[in-house]
Amino acid sequence: MGYDRLTRWLHAGLAIAVPLQLFSDQFMRLPKIGRLRSDAEIAFFEMHEWIGMAALALVVIHILWSTTKSGGGLVRLFPYVKPGGCKSIIAELKEVPGWLSGKLHMNADDSPLAGAVHGLGLVLILAMAATGGAMFFGMDENTGQMSGFVHGLKEVHEALGNLVWAYLIGHVGMVVLHKIKGHDLLSRISPLAKG
């Protein structure tokens, strides 16, 4: 069983939006009273805001689509909710030391760990995008002022950014490891691939 066309396109959208968000964050500056921002810093801030709203829409649609049978079902992304799911994940975690010697699951469909990692990635991106969305609507665009609640969400948003970096590096790293071992995962998730 592979990924359906919509899942592939949603993944591609997130594969573009998430790195753009992470990189734009490095060049933008939040508005603040008395702080001058360059045109580039303002442009990167605007880009970060609008791509973030697109990422929020993409991840919500992705999760909603995943609830359907065509989208693979939520059990694929959250295998620990089914009986024996946690035991399956723990059993697969015990195989991690063998990964570097080539004992990787070639088919993510039968890997509860891969499903759990993908599901947790979607939840992480949802949390990141939702806290960013709260800032989008709850922060004064000119002064940077926000309520205490929105400021708290800003702190969470910034902390989640580090987790998203770690997730992205790990996710891409596993794709590279699979490629080295001869597993063509990219054609399974590419929206341009046939099938």
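Visitor: Why is Ser147 called partly exposed?

Guide: The relative accessibility of Ser147 is 40%. Buried means under 20% relative accessible area, exposed means over 50%, and partly exposed is in between, with a 1.4 Å probe and protein chains only. Ser147 therefore falls in the middle class, since 40% lies between the two limits. This is a predicted model, in which local features need pLDDT of at least 70 and side-chain atom pairs count only at pLDDT 80 or more, while totals for chains, interfaces and linings use all residues. Residues are numbered from 1 along each chain as its sequence is written, and side-chain values use heavy atoms, leaving out hydrogens and water.

Visitor: Where is Ser147 placed?

Guide: Ser147 sits in the loop between α5 and α6. Its C-alpha is 9.7 Å from that of Met135, with the two positions 12 residues apart in sequence. Helices (H or I, at least four residues) and strands (E, at least two) are DSSP runs, numbered from the N terminus.

Visitor: How many helices and strands does the protein chain have?

Guide: The protein chain has 7 helices and 0 strands. Its pattern along the sequence is α-α-α-α-α-α-α.

Visitor: What makes Phe45 a buried residue?

Guide: Phe45 has a relative accessible area of 2%, so it meets the limit of under 20%. Phe45 belongs to helix α2 (residues 39-66). Setting aside residues up to four places away in sequence, Phe45 touches Met28, Arg29, Leu30, Pro31, Arg37, Met139 and Glu141; a contact means heavy atoms within 4.5 Å.

Visitor: How much of the protein chain is buried?

Guide: Of its 195 residues, 40% are buried.

Visitor: What makes a group of residues a nonpolar core?

Guide: The members must be buried Ala, Val, Leu, Ile, Met, Phe, Trp, Tyr or Cys residues joined through side-chain atoms within 4.5 Å. The largest such core here has 13 residues, and Leu14, Val18, Val59, Leu122, Ile125 and Val164 have the most contacts inside it. Helices α1 (5-25), α2, α5 (112-138) and α6 (148-180) each supply at least two residues of this core. The most comes from α5, with 4 residues. Beyond its neighbours within four places in sequence, Leu14 contacts Pro19, Ala55, Leu58, Val59, His62, Leu122 and Ile125.

Visitor: Why is Lys154 called buried?

Guide: Lys154 has a relative accessible area of 12%, which is under 20%, and therefore counts as buried. Other buried residues of α6 include Val150, Leu153, His157, Leu160, Gly161 and Val164. The cover over the buried residues of α6 includes α1, α2, α5 and α7 (185-189).

Visitor: How do you know that Lys154 and Glu158 form a salt bridge?

Guide: A salt bridge is a side-chain nitrogen of Lys or Arg within 4 Å of a carboxyl oxygen of Asp or Glu. The N to O distance for Lys154 and Glu158 is 3.0 Å, so the pair qualifies. Both residues lie in helix α6, 4 residues apart, about one turn of the helix. Side chains of opposite charge can pair when their charged atoms come close.

Visitor: What is the distance for Glu155 and Lys154?

Guide: The closest N and O atoms of Glu155 and Lys154 are 3.6 Å apart, so this pair is also a salt bridge. The whole structure has 2 salt bridges. With Glu158 at 39% relative accessibility, that residue counts as partly exposed. Shared partners join Lys154, Glu155 and Glu158 into one network.

Visitor: How do you know that the span of α6 agrees with the expected one?

Guide: The expected span is 1.5 Å times one less than the number of residues. For the 33 residues of α6 that gives 48 Å, and the end C-alpha atoms are 48 Å apart, so the values agree. Just after α6, Gly182 has a positive phi of about 90°.

Visitor: Which residues make the nonpolar surface patch, and what makes it a patch?

Guide: Val75, Tyr80, Val81 and Leu120 form it, with about 350 Å² of accessible area together. Patches are made of residues with over 30% relative accessible area and no salt bridge; like charges are joined within 9 Å, and nonpolar side chains (Val, Leu, Ile, Met, Phe, Trp, Tyr) within 5 Å. Val75, at 39%, is over the 30% limit and therefore passes that test. Val75 lies in helix α3 (residues 74-77). Accessible areas come from the Shrake-Rupley method with a 1.4 Å probe, and for residues, only the protein chains shown count as cover.
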